[in-house]
Amino acid sequence: MTVEGNTRAIEKQIVTDFSAKMSYAAYLDLDTLLSAQHPVSRPEHHDEMLFIVQHQTTELWLKLVLHETRAARDAFDRDETGVALKCIARVKHIQKTLTEQWSVLATLTPTEYSQFRDSLGNSSGFQSYQYRAVEFLLGNKNAGMLSVFESDPVAHRELETLLREPSLYDAFWRHLARTGLDVPASTLDRDVSAAYVLDPNLIPLVKSVYERADEHWAVYEAFEEFVDLEENFQLWRFRHMRTVLRTIGMKTGTGGSSGVGFLQRALDLTFFPELFAVRTEIGR
């Protein structure tokens, strides 16, 4: 291929006739995807497009996070640790993209957002069922959240199902029990529809794995993958809170929450408490 006059010639073998072939746009259904942005401000405010695209792309990434996290849970159910950790590794990369994405929304100034915020009505990211699904799948379950989705049967059904199912963390401990590790009954028999809370009975097992990592390398590695997963999630929550603070200050959220205060309290929530609590015990 040659470049002449700053123009790259099209290679003869490149397909250009898609009258009877699948194209890139057709495969990705771009007609649907790119026509899904509908600003509601009148007159239409320039920056509302940013706001819509930011949240739509977040939902697409959350869809992939759910896809991979479910696959990881299923892999633990099959005792395929390598497959599960591969899925978790991919989720970690998605999380980094989601966190960095806040820097784009942070270019929206308070003045710009205030000019179309009222047009959003009560719509809020608080109502993202996929975000709640991710939290449920990781073990942060809250049956009270289902009431938010009663007007959306599909979302309500998915969250209700995840509420009753074991979380990724539950599946992990059951997998370890099948490999012969002494996982306490209090962990294996817990009510999986309740939010996961610290089980002190697990600490000795977790501590022994960390202190004898050479004997339990696969489990040790899995522990650290879970720690990464939670740390990434907390960084996402923090960037979310700081972006909201930067944009609307301490105003009430459009969905009725206290806004920044509500998001700050989320930083106290944890998915894998034993993996952090054990750090206080190691070396004592």
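1. Contact here means heavy atoms within 4.5 Å. By that yardstick, the cover over the buried residues of α13 includes α8 (168-178), α10 (203-211) and α11. Helices are DSSP runs (H or I, at least four residues), numbered from the N terminus. The buried residues of α13 (residues 273-281) are Pro273, Glu274, Leu275 and Val278, where buried means under 20% relative accessible area, exposed means over 50%, and partly exposed is in between (1.4 Å probe, protein chains only). Just after α13 comes Gly283, with a positive phi near 90 degrees.

2. A word on what you are looking at. This is a predicted model, in which local features need pLDDT of at least 70 and side-chain atom pairs count only at pLDDT 80 or more, while totals for chains, interfaces and linings use all residues. Residues are numbered from 1 along each chain as its sequence is written, and side-chain values use heavy atoms, with hydrogens and water left out.

3. Now the charged pairs. I use salt bridge for a side-chain nitrogen of Lys or Arg within 4 Å of a carboxyl oxygen of Asp or Glu. The structure has 14 of these salt bridges. As background, side chains of opposite charge can pair when their charged atoms come close.

4. Have a look at Asp228 and Lys92, a salt bridge whose closest N and O atoms are 2.8 Å apart. Asp228 sits in α11 (residues 217-248) and Lys92 in α4 (residues 81-105), so the pair ties together parts that are 136 residues apart in sequence. Lys92 is buried, at 14% relative accessible area, whereas Asp228 is partly exposed, at 28%. Glu225 joins in too: Lys92, Glu225 and Asp228 are linked in a network of salt bridges.

5. Which residue does Glu135 pair with in a salt bridge? The partner is Arg237, and the closest N and O atoms are 2.8 Å apart. Glu135 belongs to α6 (residues 129-138) and Arg237 to α11, so this pair ties together parts that are 102 residues apart in sequence. Both ends are buried: Glu135 has a relative accessible area of 5%, and Arg237 has one of 3%.

6. Asn140 is worth a click while you are there. Its place is the loop between α6 and α7 (153-164), and Asn140 is buried, with 12% relative accessible area. Leaving out residues up to four places away in sequence, Asn140 touches Glu135, Arg237, Leu269 and Phe271.

7. For a pair with more open surroundings, try Arg212 and Glu215, which meet in a salt bridge at 3.1 Å, N to O. Arg212 is partly exposed at 38% relative accessible area, and Glu215 is exposed at 52%.

8. On to the nonpolar core, meaning a set of buried Ala, Val, Leu, Ile, Met, Phe, Trp, Tyr and Cys residues joined through side-chain atoms within 4.5 Å. The largest one has 64 residues, and those with the most contacts inside it are Phe76, Phe172, Trp173, Phe223 and Phe226. The largest share of this core, eleven residues, comes from α11. Trp173, setting aside neighbours within four places in sequence, is in contact with Val183, Thr187, Leu188, Tyr196, Leu202, Leu205, Val206 and Phe223.

9. Last, a geometry check on α3 (residues 48-77). At 1.5 Å a residue, its 30 residues should span 44 Å, and its end C-alpha atoms are 44 Å apart, which agrees; the expected span is 1.5 Å times one less than the number of residues. After α3 comes Asp79, whose phi is positive, near 60 degrees.

Technical notes: Helices (H or I, at least four residues) and strands (E, at least two) are DSSP runs, numbered from the N terminus.
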